[in-house]
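Open the model in your viewer and keep the sequence panel beside it. This tour goes from one selection to the next and says what is found at each stop.

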Amino acid sequence: MTDDSTILPATAAPAATAPAKPGAACQNCGAVLLGAHCYACGQPVKGLVRHFTSILGDFFDTVLNIDSRVFRTLGPLFAKPGFLSCQYFEGHRVRYVSPVRLFFFLTLITFFVARFVLDFGDVNINDNDSIASATTVAEVERRRDAALAGLAEEKNDLGDAPAGVDDALGIAGTAVRSTAETRIRQLREAEAKGEPPPQPTHDGLRFNELPWDAKTNPVEVAWLPAFGNAWLNAQIGRANANIGRFQQDPDLLKEAILGAVPSTLFVLMPVFALMLKAAYLFKRRLYMEHLIVALHSHAFLCLALLGVMLLTAVEARVAAADGAAKAGFDLAEAALWIWMPLYLLLMQKRVYRQGWPMTLLKYFVLGICYSILLSFGAAFTVLAGLVWA
């Protein structure tokens, strides 16, 4: 039986802002408090019903504590290939940010910054409409070449863009060429018949050389069941509707792609760990060890991309009229691009401790396979941006 004399009445309980005192009781269950939390029910001594400045103090204390660990981690992550992974395997984990949190944090920061740094404003998606309205073959070719030159210039400016953005520009170039070929064929057929140039049509997506329509001209994959084809055409319909939105506001496509890229990386990262597991099967390492390596390597790539984007942004604003400063920024960007593959090679050598011949062989095989996988992932990201924007 509980001794009632040890339970203080509600009016005698300590205030929520006061620390636990000897003999103080939990306001929830009445158990004697021995620290900042009740051992019986888990309720903290401090609640939200207190001075707002006290709550702000707790918040900034937590943020600063997290930031201190982040900055303590970023240096080794950037400058010491494989160091954090080796430290984690040796049990030195508390002093650094956990691999999952580090990857999540840097991925969000990188693509958040990318939304402001990358600019699609110079990419004119309406070039296809301009080409389709041309009345002579020479005019079509001139507008086509101008559009492709603009896309090439934008691709050069966005050389540090995340996976998916480059593919989006490639798809835009393919669309420009296709529109130009279709318009040239229409003009030549009209000229052969002695007819005036046909009026441009805006049919959106096409299938079997006809405007796509979910009922009259749907996409049908023979090996898919009926519900599969129905779902596929529903997605095509969404993409077709979104194309008009992208023509009006190209930034919508940028937002859709950059919003989908982090999800793609989250999916591909464990696949990369599986590839490491296969490459080092005889090392008898657990899959989770390879996953730690994958997390740290992807976190480094996000950090390096963040550095490149920030350098590009500063260069555009500071070094525009200064040739020496521009050369310095270009050199720093080039150094970062060179450091990325070199870092991953040194990391693989340090973590798995194999000789250079085997390390180089596995590095190139893994790099080629993962690049192909990343290309498919980037293409899917672009399509996802078209459909689910």
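Is L336 buried or exposed? The model is a predicted one, and in it L336 has a relative accessible area of 11%. Buried means under 20%, so L336 counts as buried.

**Stop 1: around L336**

Select L336, which lies in helix α10. Now add F78, A304, G307, V308 and L311: L336 touches these residues, leaving out residues up to four places away in sequence. Pick V308 from that set and look at the two C-alpha atoms. In sequence L336 and V308 are 28 residues apart, yet from C-alpha to C-alpha the distance is 6.9 Å.

**Stop 2: the ring cluster**

Stay in helix α10 and select W339 and Y343, which form an aromatic pair. How are the two rings of W339 and Y343 arranged? The pair is edge-to-face, with 80° between the planes and 5.5 Å from centre to centre. Because W339 and Y343 are four residues apart in the helix, about one helical turn separates them. Y343 has 2% relative accessibility, so this residue counts as buried. Next add F78 and F300: ring pairs link these two with W339 and Y343 into a cluster. The model has 10 aromatic pairs by the rule used here.

**Stop 3: the largest nonpolar core**

Which residues touch the most other members of the largest nonpolar core? Select L74, L77, L102, L106, L276 and F300; the core they belong to has 45 residues. Colour the helices that give two or more residues to this core: α1 (52-79), α2 (83-89), α3 (99-117), α8 (251-279), α9 (287-318), α10 (323-352) and α11 (356-388). The largest share comes from α9, with 13 residues.

Now centre the view on L276. Setting aside neighbours within four places in sequence, L276 is in contact with H290, V293, A294, Y352 and L366.

Then move to a second core, which is separate and has 10 residues. Select V137, A147, L151 and I184, which are among them.

**Stop 4: charges over rings**

Two lysines are left to visit. Select K80 with F83: the charged end of K80 sits over the ring of F83, 4.7 Å from its centre. Then select K349 with W356. Here the charged end of K349 sits over the W356 ring, and the distance to the ring centre is 5.4 Å.

Definitions and conventions: Residues numbered from 1 in each chain as written. Predicted model: local features only at pLDDT ≥ 70, side-chain atom pairs only at ≥ 80, totals over all residues. Heavy atoms only, no water. Core = buried A, V, L, I, M, F, W, Y, C linked by side-chain atoms within 4.5 Å. Buried < 20%, exposed > 50% of the residue type's maximum accessible area, 1.4 Å probe, protein only. Contact = heavy atoms within 4.5 Å. Phe/Tyr/Trp six-rings, centres within 6.5 Å; stacked < 30°, edge-to-face > 60°. Lys NZ or Arg CZ within 6 Å of the ring centre and 35° of its normal.
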